[in-house]
Each structure stands twice: as C-alpha cells, then as structure tokens.
Amino acid sequence: MAPTPMMQQYFQVKSEYLDAFLFFRLGDFYELFYDDAIKASQLLEITLTARGGSGDDRIPMCGVPHHAAKNYIDQLILKGHKVAICEQVEDPKMTKGVVKREVVRLITPGTHTEGKSVDSKSNVFLAAADELSDGFALSYVDISTGESTATYIMGTEKALLQELRSLSIRELVVSEQLFVLLTEEEQDLVLSIETMEDAYKMDASLTVDCPEDLQTSCHRLMTYIARTQKQSLDHIQSFSYKENTQLLSIDFHSKRNLELLQSIRGNETKGTLLWLLDETMTAMGSRKLKQWLHQPLANKRMIEERQQMVEALIEQYFVRVELQGLLKEVYDLERLSGRIAFGSASGRDLAQLRSSLEKVPMLIEELANSGDTALHEFGEKLDRCVEVCELLQAISENPPLSSKEGGVIRDGFHEKLDEFRDASRNGKDWIAELEQKERKLTGIKSLKIGYNRIFGYYIEISKANMHLADLERYDRKQTLANAERYTTPELKEKEALILTAEEESLALEYNLFVAIRDEVKQYISRIQRLASSLSGLDVFLSFANVAEKYRFVKPDFNDTNEISIIEGRHPVVEKMLNKQQYVPNDCVLAENQNMLLITGPNMSGKSTYMRQVALTIVLAQIGSYVPAESANLPIVDQIFTRIGAADDLVSGQSTFMVEMLESQYAITHATKNSLLLFDEIGRGTSTYDGMALAQSMIEYIHREIGANTLFSTHYHELTALENSLEKLHNVHVAAMEQSGKVVFLHKVKKGPADKSYGIHVAELANLPEPILARARELLKTFEQDKKQQPKTIEQLSFFDEADTEKDEILQTIKDVQVSSMTPLQALQMINDLQEKLNQ
C-alpha cells in the first residue's frame, strides 16, 4: 500500500535523524512510528497501537500528549537516547494539503538542559575531541550557561575517557575515525559524529585565546551545536584556555579516591569535600565551586587573590551576612541568559532577571561600605546593567508561566495595549451586570453567564427553571442534559467587541514581549560577566563561612617543596564525627626528608591521614582556608593517589592489575613538585612479590622523581629502608592494648609500628570466636620461629620442580636484582615469564 502524503513527509524527516527518536507533531500529540514506536513503548511503558491497512501493512505507532512530552523526553535522554522534535511550522487553517513540518531541535544527553533530571547546581557539558600526535584536543560547552573551555589531554584514549568521566560528560562529538576507536573503549558514553561538511561559521573571537591545534575541536563542537539546536548561539562565551602549568592536575582516580565531588560509597555528594564546602546561596555559585574543585590553581598570585577575598569576608561578619542575604534573592543569571539567547525565556524569566539585577546596586553598596580595599575594588567591577533594568520595567510584577496568555506586560507601558485591555475589562464588567439583571428579570438565582471557546458567551438556565424564563427573548445556542444555553442580540454584540479586544490585546502583548526579549539579547555578554563575578563572590562567602564554622586557618605558601601542616585534620571526617573529638596530626616534609613510610594496624587511620594531607593541598590551592593550626605549603603541580582496591570487572582486570596500572600512571607522570599517596601497594599479590614491588617503587621515587610521598604499608620489613634511603622517614599510627582489646589512638608518631593488631581488628568485626582462638594459637606458633614459615601456609608454586624449562624460570626469578628494577621493568619481567609458561 502506497504511503499517504503525511507518511511520506514522515519518512523524509526520519531519514535525516536515523539515530534519534522522532517526535512527530500531529495536533495535540507527538506520534512515533515503526521501530521508534516499538522501542519507545517499551522504554516509556506506553501503549503500542497501529494505524492504516491490515496485517503486515499496519504501521506500529504510539504517542504522548504535547503538554506532557517533557517528562517522556527526560526518560529517553536519561537512558542515553536522542530525541528529534518535529513541529508544525505552518498554521493548519492557512494551509491546503499536508501541513509543513520541520525538526526544530535535536535533544541529546549533552544538550538536555531543562527538566526534572537536570541538577541546577551542576553543569551539563557537551564535549568534542580531536586526535593529536601526543594526545587529544578537548573542548566542552554548557549550552544552558554558555561556559566554554578548551584544553589538551595528554596520553591515550583512556586518559581522555577519564577526563570525560571526571567532568560527568555524557556525550562526545567526534570524527568518524575517532568514533571507531572510542566505540571499542567506552559503552556508557554517547558518541556523536560530526563530519564538518556544512561547518558552522564561527566568530574568530570564540577561539582567540586557544592555540591553533585546539581550534578544530572547538569548531567541530560549535558546528554540532548549531546543527542540533537550530537556535541563536549568541550566549556561547569565548573558549577559555589555561595552560596546564597554571592548574593543579588531579587525575580521575585520584579525584575519586579523595572524594572531592562524589562519594566512593554511593556516587552521592554527602561525605565529599564539595558537601563540606558548599554553603553557596545560588545555583551558579555551586557550579563555580565544582569547577574550582575540578581544576584547583597552581599559580601563587591567583591563589593569594582568592585568599585575600576570603580573609576580608571572614573579618567582616555583618557584611558577609548581608551579602549572602542579597545573593539568596539572585536567580540563575547564567541559565536565564541561555534561555533568552535561545528565545525560550518566558515573562517570568525576564521578571527574575530584573529582580536579580535590582540587587546589584545593593551588593555594590554593601561591598563599598565594608571598609576593606579588596571588597571595595571587587564591588566597583560589578556591572549594574542599568539599561537592561530599565528595559525590563515593562514586565509585570508576577507574569504567568505562559507568555501567550496575557499579563506579561504591565499596565501603562503601551497605550494601544491599555485601550484593548480597558475594552476587555469593561466588557466583562458589562457581562457581570447583565447576569445580575437577567436574574432579577427571571427570578432564577442559579442563572449564569458563562464562556467557552467553541460557543462563546452564553446564558445558562437549568431545565428545572425553564418555566420561569421568557424564552421569546432568547435564542437557543446549546442543549445540555440538565440545562439550556441561550444568547441575546445584545449579548452577541458585546461578545464580538470583548473577544476582538482580547484577541488583539493578546497578540499585541506577545509581540511587545518578544521585542523586549530580543532587545535584552544584545546585553547577554554583560549579564554573563556579571554572573561570573557574583558566582565567584558566592564561593568566597561560602569559604569564609566554612572557615569560621570549622576553625580553618589561612595557609602560607613557600617557594620550596616543603610541607608543614601542624595539627591537621580531615575536614569531611571531622564533620561526619559531629560532636566527637577528631584527633589532629602533623605532617612535615622537608627537602631532605620528603618521604613518609607509614605503618600501623588496619582501621587505625593511615588512609585518613594520607587523604587529609592531599585535601589540605587542594583546599589551599582553590583559595580556601585549611583545617589545621597552621600550614606552610608548596605549590603542587599534580596529585596522584593509589588508595583502596577494587577489581575492574568491565575490562576484566584484577585488583592487582588495577593497582599496577594506577601506580604506573602516577610514577610516569609525577614530577618533583607532585604529591604521591600510595596505600598498601602490593597487597593484591603474594607476600614476596608485593614486598618486592613496594620496595622497588619506593626506591625509584626516592632516586628518580624526588616528589613528596606518603607510602603506607603492612610490610614491616620495609621500615628498614630508613637506614638506606636518606629522605625516607618512618612514622606509625599508634594503637594500644587494653584489657585484651585494641584501642586505636589515631595519632601519628615517629618510628615504625612495633606490633600488628590484625586479630584484634578481626575481633572488632565480630568474626566467630573459634576462628579467633585458633588464629591466636597459630600466631604464637609463628612468632616462636619467625625465620621458618609453617608448611601449612607455604606460598603456592606455579611450577613443576621436575620440569627443566620451568627450573630455568625459577632460577631467573631467584637471580634477579629486584632492588635495582623500576616498577615497569618488574611488570615487563612478569609478563615475559608468563609468555614462556604459556608456550
């Protein structure tokens, strides 16, 4: 059966959006057909029907009401799909034949910026990447706020994917070649191809700060946005580019291990550094804080400028309170700017913009009156946007949600509009008077004059009261089950005047609103600069609040690599403990002693101690105060952590392999200005292998890198390294026995741990008593002769002793000088031996 003209139109549109669900507008519904309908009915749990023909000719279809479409689109985007919105672009009343339809927007995981699933406090970034000789060019944009960034990612595609995960990017725009490469690597990321055949004519100012080899990525991204959004992109800001030397680099695994933005336990915010610091008043302030945590500074001057603002706000308590009160009434200027640029801003959005801008003079005054030079200078740089405020005076105080239903423009702004409104209001007053008059004439108290769009104004009389009315005065208009509806010549005449006035009023008012909205567009860049300043002020206020509440101090910076943290604390753990006492600890690393080998029982606090040092560095380099009695710190260029152990089941990698890969990344990228944290290296393999690798790594870092390093271990044999490595120093986390029970003191002291408390920890975990008793017996036996290992716990051998070839492999292992090998050489040797065994 030949397709109808409407279905021909559908096929034509669908052919251009094969990778998306096509929401095809038919009247008050969006309809989906064929495979789209079958898949959507399952994903959205809506009824699948069919239309036209019979048997195999019937077309599968399903639909959603246009007024409820946002919720359904939300669900599809959350599941990683794209949705093309196809609207009627002609008035059906003015068209003969099939109404013209076009896709007005393609909504994707990276361009979905509104809906219940979108967190107002988080950026939604869309990214593009291009391959370079030594890595990738990466650019990303939040199209709701216009924020744009370009950067280099050095290394393989895994480094690129880690950065994308760190930024919570769900969609990446790539070339066809890169699409093939990344499809094999990543399943959760939505990959979109942009061939650049019809490239976007990008203003050169957008990439003026970017090196040339980053600009292709920016151009690819802008072309994709223009092609999918089909709207003005005037609000997209110039791509910001900062050299890596200006930023503290923290790789994806380290951000996860330190729980900067997401908790390891449940991928939630509670229990993270963000959770502790975020006392911002605005959504844009919260987003700014996340950006600062994602990219701390490595520029001393810029850090100290932030510190100066925080210090001033701590000292000016009453100013701080007033500023936060004012910021609480400021709406999300960044996303309001985006909606204005897209032409989707409502009257209510413009009223919120006006209300926010009216707070700016008060903020400036408060900053000026503070008496602090830094605050005063900050206030002087704020743009009052006076022209925008004046323009928005035309908007009423409380506009409705819809901008097409009237009530958006205030009375007195436009003379003709006031005339139409007056005619409409007077007409309605006349209707109310007519209703009272008819009730008196007929004596029917329930008589009413109503209105609907189909029949217009009518006089309604219930059938029980029909005998009281003089029906010769009325013309019947509609019959209901229990009433009759009438009109009169007088009512007809007034109806025409009222409806004409209302129609003219709504049309004129909407045109005035659109003209004002379009005029505001020319000020978007100024509003965005103001938003950036206000969001920064919001973060400074949050830092000041947190510093005062949790007794943080201002850190000093030195030009060496020395770390001196006196009475340092883990800020998040301290907050979680609530009123319990947190045990503070010092961490002092000097040029001639910059490695700490940390021993002590499980649960004693080794990992917490290591993390608190790293978090102190991060806090200092975002411009915040730090949790300590005093802190003197270097400017760190990179932080690497290898904390915790987990199998990577997706890629089939064991705990030990994950541990080795993360260690390899840290060791090969670290410099002498980096901070390295290694927790229990080698525990994923046999005792001797693990100990050998741990010692080899310590020696390599000591000899080749020279970075500040905290290295915790259960291998007490490694504490002897203090005698041979001049920069290594032993410390331990103290514990004591009391009435046969272990008591963790959580205090870091000099020297190695003198005793292991493994069985006591097992007792705390409520292991069955028979197991604990047997473990105590075995421990006494083992301690009687430490030199001889019990036969019952011999290390398993891979080899048959009678096999000559395998004897050679054993001899190779026996002869190798582990202490002179790098970690990479050790891994290579293990790989070579495995290959020999598998032959």
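Two strands count as paired if DSSP finds at least two bridges between them. The exercises below use this criterion on a predicted model.

**Exercise 1. Determine which strands pair with strand 21, in what sense, and how its two faces differ.**

Step 1. Strand 18 (residues 563-568) is joined to strand 21 by 3 bridges, which meets the criterion of at least two. The pairing is antiparallel, and Ile565 stands opposite Ala631.

Step 2. Strand 17 (residues 556-557) pairs with strand 21 over 2 bridges, in the parallel sense. Here Asp556 has Asn632 as its bridge partner.

Step 3. Side chains in a regular strand alternate between the two faces of the sheet. In strand 21 (residues 630-633), Ala631 and Leu633 make up the covered face, while Ser630 and Asn632 make up the uncovered one.

Step 4. Combine the steps: Ala631, opposite Ile565, belongs to the covered face, and Asn632, the partner of Asp556, belongs to the uncovered face.

**Exercise 2. Describe the open sheet of 5 strands and the helices that pack on it.**

Step 1. The strand order is 9-8-7-10-11, with mixed pairing. Strand 9 (148-154) and strand 11 (190-193) are the edges, each pairing on one side only. On average, neighbouring strands are turned by 25° against each other, direction ignored.

Step 2. Strand 10 (residues 171-174) runs parallel to strand 11, and 4 bridges join the two. Val173 has Ser192 in strand 11 as its bridge partner.

Step 3. Helix 4 (residues 157-166) packs on the sheet and touches strands 7, 8, 9 and 10; its direction makes about 20° with that of strand 8.

Step 4. Helix 6 (residues 212-229) also packs on the sheet, touching strands 7, 8, 9, 10 and 11, and its direction makes about 145° with that of strand 7.

**Exercise 3. Classify two of the 17 aromatic pairs and locate their residues.**

Step 1. For Phe24 and Phe33, the ring centres are 6.3 Å apart and the planes 70° apart, an edge-to-face pair. Phe24 is buried, with a relative accessible area of 0%, and Phe33 is buried at 0% as well. Ring pairs link these two with Tyr10, Phe11 and Tyr34 into a cluster.

Step 2. For Trp292 and Phe540, the values are 5.6 Å and 50°, so the pair is tilted.

Step 3. Trp292 lies in helix 9 (residues 283-294) and Phe540 in helix 19 (residues 524-549), so the pair ties together parts 248 residues apart in sequence.

Step 4. Trp292 counts as buried at 11% relative accessibility, and Phe540 does at 8%. Arg306 lies over the face of Trp292, at 3.7 Å from the ring centre.

Notes. Residues are numbered from 1 along each chain as its sequence is written. This is a predicted model: local features need pLDDT of at least 70, side-chain atom pairs count only at pLDDT 80 or more; totals for chains, interfaces and linings use all residues. Side-chain values use heavy atoms; hydrogens and water are left out. Buried means under 20% relative accessible area, exposed over 50%, partly exposed in between (1.4 Å probe, protein chains only). Helices (H or I, at least four residues) and strands (E, at least two) are DSSP runs, numbered from the N terminus. Axes are lines fitted to C-alpha atoms, for helices over the stretch in contact, and angles run from 0 to 180 degrees between N-to-C directions. Contact means heavy atoms within 4.5 Å. Rings of Phe, Tyr and Trp (its six-membered ring) pair if their centres lie within 6.5 Å; planes under 30 degrees apart count as stacked, over 60 as edge-to-face and the rest as tilted. A charge sits over a ring if NZ of Lys or CZ of Arg is within 6 Å of the ring centre and within 35 degrees of the ring normal.
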